Amino acid sequence: MITVADKIELTKSDRMAVAWRHQFLQGSWNYERMQNGGWCYAMIPAIKKLYSSQEEQAAALKRHLEFYNTQPYVSAPVLGVTLALEEDRANGAPVEDAAIQGVKVGMMGPLAGVGDPVFWFTARPILGALGASLALSGNIAGPILFFVAWNIIRMAFLWYTQEFGYKVGTQITNDLGGGMLGKITEGASILGMFIIGALVERWVSISFVPVVSQVQQADGAFIDWSALPAGADGIKEALTQFNSIGATALDPIKVTTLQDNLDALIPGLAAVGLTLLCCSLLKKKVSPIIIILALFVVGVVGHVIGLM
Amino acid sequence: MSPITIVLIVLVAFLAGMEGILDEFEFHQPLVACTLIGLVSGHLQEGILLGGSLQLMALGWANIGAAVAPDAALASVASAIIMVLALDGGTADPQTAISTSIAVAVPLSVAGLFLTMIVRTIAIPMVHAMDAAAEKANFKAIDGLQIAAILLQGVRIAVPAAALCFVPADVVTNALNSMPAWLTEGMAIGGGMVAAVGYAMVINMMATKEVWPFFVLGFVLAALSELTLIALGALGVSLALIYLGLKELAKQGGGAAGSGDPLGDILNDYE
């Protein structure tokens, strides 16, 4: 019988050591067993603590060198559960190797299905676009905001979900079947699609320059530069008129480009068209690299023939 | 470039290379890597601008499962070095240096992809060595192999970066200056369109019939320039919560007529 006093427990600092090492999960990513080396590397502080004989240690290390692959952040709750299982096993509970492997494999698939859209396709594009929009005006706050915010979110997620996994142990695997994960993924997809829609409008720039029409504007629809009062009053008058009429006030002839016509329908229509075209090309297995290179060619050719 | 600058650039490249596989601290993202290279080479402002532009291109580049995306680490590090060389060599126009570096970044991201595949293959014998070490419960050897594998990923970017640093600055500048205007302007126009590819990759991962309307909402609302990205984010989160909440209600409430919530009943009738 195991008494309470004999029970080997992973302390908070043991678990923190594991969490720290877990950040290097993908370091030895390989085509054979993917993240297995990093996983074993993360488990080492726990294995050292839980098992004292060389045979047990060797068995534990081998157990954790099996195939493993998931999104590197949602791997944290899997690690937490595994720590709980190993702790039980070290204390004499009949936890089979197959049970531990089963928990890992059973969790990694569904969790990767959550982690990829949430982190790679929602959180990082949003933070990246936010940082980039600041950076494009030369503001150092852009990169700093991205780097700091990302790492705070990431570290908090890694630690708290690992602790969560450790506390609830195997109960978490029952949760996986429930609706929670599905809801998170769906919510992330909604947010992601909404933001991507906005980013397409803001950041994909296409401008068609051909002139569609040139119209002589009526008197009063443009600023009559020769009739302005002299000096500062003239500037004031010009600005007042500009404010009430808008950009077309600058010239007596109103020039409408193809782009103006497209923007009058919905701003960014050409951008969304291009994005949807890329979507369907990617679905047809055209390599993204080919599409990118083709776009550069289109840009150069379009510029030379005066279309863009 | 001074020897100290070169050492610091190689160091940044090394960090970016390790992160390219780890995907944790995100040193390999253009926003971070280009800014750091700008900082250590005395061209901070241009580095930030380049990082911002490249970041928009790279938003959808992500490693999923065993697939490798275009390599952001080599693309950002190498294009930042080329930009620094051009600026040091006295290119009159920083904008030209930046937009040309962006065009160079794309083929580099492919080259980086092949380097990653090579290192991921080299890692196979390394985990076999871990198996052997596990046999003897040799913790130190496993630690050492894991660290060596990470360092190898750093070397993957650090070596090409160091090589680039020794290209004479005037060669890069002359090459840039000899490019005709129609080519650089055309490439800048192409660069403006390239972001669409990244977004398309993201969309293809997430899109279902259910979520397309949210794409349309985001697209239409973005035309209001008063809405900042943070405001749009808040809108997106609210929409997601509302949608999930309503869906939950719809699931529970088949026969909820006369639930003592007259307003709710009226709203339900409208569905």
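Colleague: How do you know what share of the contacts in chain A with a separation of 6 or more comes from residues 24 or more positions apart?
Modeller: Contact means heavy atoms within 4.5 Å. Residues 24 or more positions apart account for 75% of the chain A contacts with a separation of 6 or more. This is a predicted model, in which local features need pLDDT of at least 70 and side-chain atom pairs count only at pLDDT 80 or more, while totals for chains, interfaces and linings use all residues. Side-chain values use heavy atoms, with hydrogens and water left out; residues are numbered from 1 along each chain as its sequence is written, and chains are lettered from A and ligands numbered from 1 in the order in which they are written.

Colleague: Why is chain A called more spread out than a compact globule?
Modeller: Chain A has 12 helices and two strands, taken as DSSP runs (helices: H or I, at least four residues; strands: E, at least two) and numbered from the N terminus. The radius of gyration, over C-alpha atoms, is set against the globule rule, 2.2 Å times the number of residues to the power 0.38. For the 308 residues of chain A the rule gives 19 Å and the model has 30 Å, well over it, so the chain is more spread out than a compact globule.

Colleague: What makes chain B more spread out than a compact globule?
Modeller: Chain B has 11 helices and zero strands. Its radius of gyration is 25 Å, well over the 18 Å from the globule rule for 271 residues, so chain B is also described as more spread out than a compact globule. Its C-alpha atoms fill a box of roughly 80 × 65 × 25 Å along the principal axes.
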